[in-house]
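Here are some notes to read with the model open beside you. Take the points in order and find each residue as you go.

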Amino acid sequence: IDSPQDTHFAARNMTGGATMSSLVLTILCLVPAARAFFTLSTSPITGGQFTVSYTADESTKGYQFNIFSAPGVSITIDASGTITDFIPGFTTSGGGNTVLGFSLSGASIPASNGQVLPLVSLPVASGPNGVAPCLADVVVSADPAGAVETVDFPSCTASSAPSPPPPPSTPPASGGTPVFVQASSVSSGGAFDVQYTSNVLVSGFQFDVLNAASETGVAIASVATTLTGFSVSGGNTGTIVGFSLSGDVVPITSTFSTLVTANVASAADFGIDLCLEQLVFSDPGASAVDVGHAPCASAPSPPPPPPSQVILDISEVKSDSSFDILYTSNIPFSGYQFDVGAGLEDVVVSSVTSSPQLTDFTPSAGGSTIIGFSLSGAFVPSAQVATLLCSAVLTDSSLVGSTNLCLKNVVISGSGSGSGVPAVPAVFPPCPETSAPSPPPPPPSSTPGSGQVSFTATTITGSGTFQVLYKSDVAFAGFQFDVLALETAEKINLSPDVTSSTALTVSAGPVNTVIGFSLAGETVPPSGFQDQPLASLSVVDVSKFAASHVC
């Protein structure tokens, strides 16, 4: 069954002398593939105006039809009247008895979800009141472009004009389709043209003009054509529509001929290559015509970003025994740590200061180790040229003028947070490998640990203090965590007044981050199976968080 009209069957009694004991009627129902349905209906003419309504199971892109009061009796659109469009973004034009609806803004006629919805109200200069017009030569464009497969409408029983003679079978110049179109590049002045070949007559066309590189619509400032009887329009989204209300056609041609000439609206589009998409061409019988074109080639994928990398460098030791650590980086990073040496020997760093541009970073020095971090969650920004990271001072003045400082044990923290902060690869002036033999491994523990550390916290007292406890079966060299109120998960801003209960240095505030580290290689010892004090902390807003539980 190819359409609803094919479902009407009749079984007649067969006579002729024989007795019919039974009649078996077998119907094989062939279900077609899913297709778009669109129905038009017309109201009776009242006061020189009538309304065309529609139902649709899918959105559609445009329409065209001719109107008649009876077979062969056309109804003329009143050019001085008002055409009312009920679809936002749509423009309907009428001339003679032809009506054409389209959108230059890319709007669509929405699916009606089973309802009968008004499409357009049309003024007529002729036509009897009380008569609902019939329609002929109806074409409806699907969304995306293509002809709607099934269109129902109040049909006139006879055509208003004889069918045009079949066109000569001239093959198109290229493309293997009845019509082939292509767009030129935009000139330095903003002009371009669209050319075509065709072996069939064409009564209307629509297509989108795109930037071939970005595949985005190109705004059209103006468009013109030399085709007799044709009107053309262009829109900000790149849609160009051409139609004739006088019944003229685009002629057949076996060589490329100009369909339209146009100008782009933006100087940014001068000189670009163009491509065409969403092409809809129709013949004089309102049937869709196959159109060939060079499709928009997908823009090449951008090259992958360079890998994350931080490059460190060291200046010459100045006359005051100070030196600078410089960096370049293609990503921001959240912290750094390294040891400074001079050849095979470690140096002793007496002090370190952060770059004036990194005021939220707190660097520390101990022995040969420098560590920099932020308790406020700040990052060292990316830098395309060598930029000051920190400055440090050596205790050994004999190194003044040296250019042989080097780095080892470099760790750069990425821009994440929590335990999953990734380390970033770093390039730096390396210290030479020592020739001394590696120390022997430590003797195995008689009770090897599982490497687990747990933290707990006491309730905040009335004076705003609380204690963090730890339990661990292994020694550990540093820690970092954020402090929140257990009941509300709200961040608890901390005072820098911190008391460490171990050999590690502990810093806190001004927000809710706590960090513990050692520049001297100290560790937090195993606690066995007992909770041991790690640090005592103080909150800033005592009145708000007193008696709160901590997580």
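1. Start with a cysteine. Cys406 is buried, at a relative accessible area of 4%. That value falls under the 20% cut-off, so Cys406 earns the word "buried". Keep in mind throughout that this is a predicted model.

2. What does Cys406 join to? A disulfide connects Cys406 with Cys431, and the S to S distance is 2.1 Å. The structure holds 1 disulfide. Its torsion about the S-S bond is about 100°, so this disulfide is right-handed.

3. Now place the two ends. Cys406 sits in strand 29. Cys431 sits in the loop between strand 30 (426-427) and strand 31 (453-457). The pair therefore ties together parts that are 25 residues apart in sequence. Cys431 is buried too, with a relative accessible area of 12%.

4. Two further cysteines deserve a look. Is Cys390 buried or exposed? Cys390 is buried, with a relative accessible area of 0%. Cys551 is partly exposed, at 45%. That 45% lies between the 20% and 50% cut-offs, so "partly exposed" is the right label for Cys551.

5. Next come the charged pairs. Side chains of opposite charge can pair when their charged atoms come close. How many salt bridges does the structure hold? There are 3 salt bridges. The next points take them in turn.

6. Lys408 and Asp346 form a salt bridge through their side chains, at 2.7 Å from N to O. This pair links distant parts of the chain, 62 residues apart. Lys408 belongs to strand 29 (residues 405-413), and Asp346 belongs to strand 24 (residues 345-346). Strand 29 has come up before: Cys406 lies there as well. Lys408 is partly exposed, with a relative accessible area of 28%. Asp346 is partly exposed, at 46%.

7. Lys544 and Glu490 make another salt bridge, with an N to O distance of 2.3 Å. Where do the partners lie? Lys544 is in helix 1 (residues 542-545). Glu490 is in the loop between strand 33 (479-482) and strand 34 (499-500). The two are 54 residues apart, and the pair links distant parts of the chain. Lys544 is partly exposed, with a relative accessible area of 43%. Glu490 counts as partly exposed, at 30% relative accessibility.

8. Lys318 and Asp324 also meet in a salt bridge, at 2.9 Å from N to O. Check the accessibility of each partner. Lys318 counts as partly exposed, with 36% relative accessibility. Asp324 is buried, at a relative accessible area of 14%. Buried means under 20%, so Asp324 falls inside that class.

9. Finish with a serine. Ser518 is found in the loop between strand 36 (513-517) and strand 37 (532-538). Which residues does Ser518 touch, not counting residues up to four places away in sequence? With that limit, Ser518 touches Ala477 and Leu504.

10. Compare sequence and space for one of these contacts. Ser518 and Leu504 are 14 residues apart in sequence. In space, their C-alpha atoms are 5.1 Å apart. The side chain of Ser518 also reaches the backbone nitrogen of Glu522, at 2.8 Å. Find that atom pair in the model before you move on.

Key
Residues numbered from 1 in each chain as written. Predicted model: local features only at pLDDT ≥ 70, side-chain atom pairs only at ≥ 80, totals over all residues. Heavy atoms only, no water. Helix = DSSP H or I, 4+ residues; strand = E, 2+ residues; numbered from the N terminus. Contact = heavy atoms within 4.5 Å. Polar contact = N/O pair within 3.5 Å; in protein donor to acceptor, adjacent residues only side chain to side chain. Salt bridge = Lys/Arg side-chain N within 4 Å of Asp/Glu carboxyl O. Buried < 20%, exposed > 50% of the residue type's maximum accessible area, 1.4 Å probe, protein only. Disulfide = S-S within 2.5 Å.
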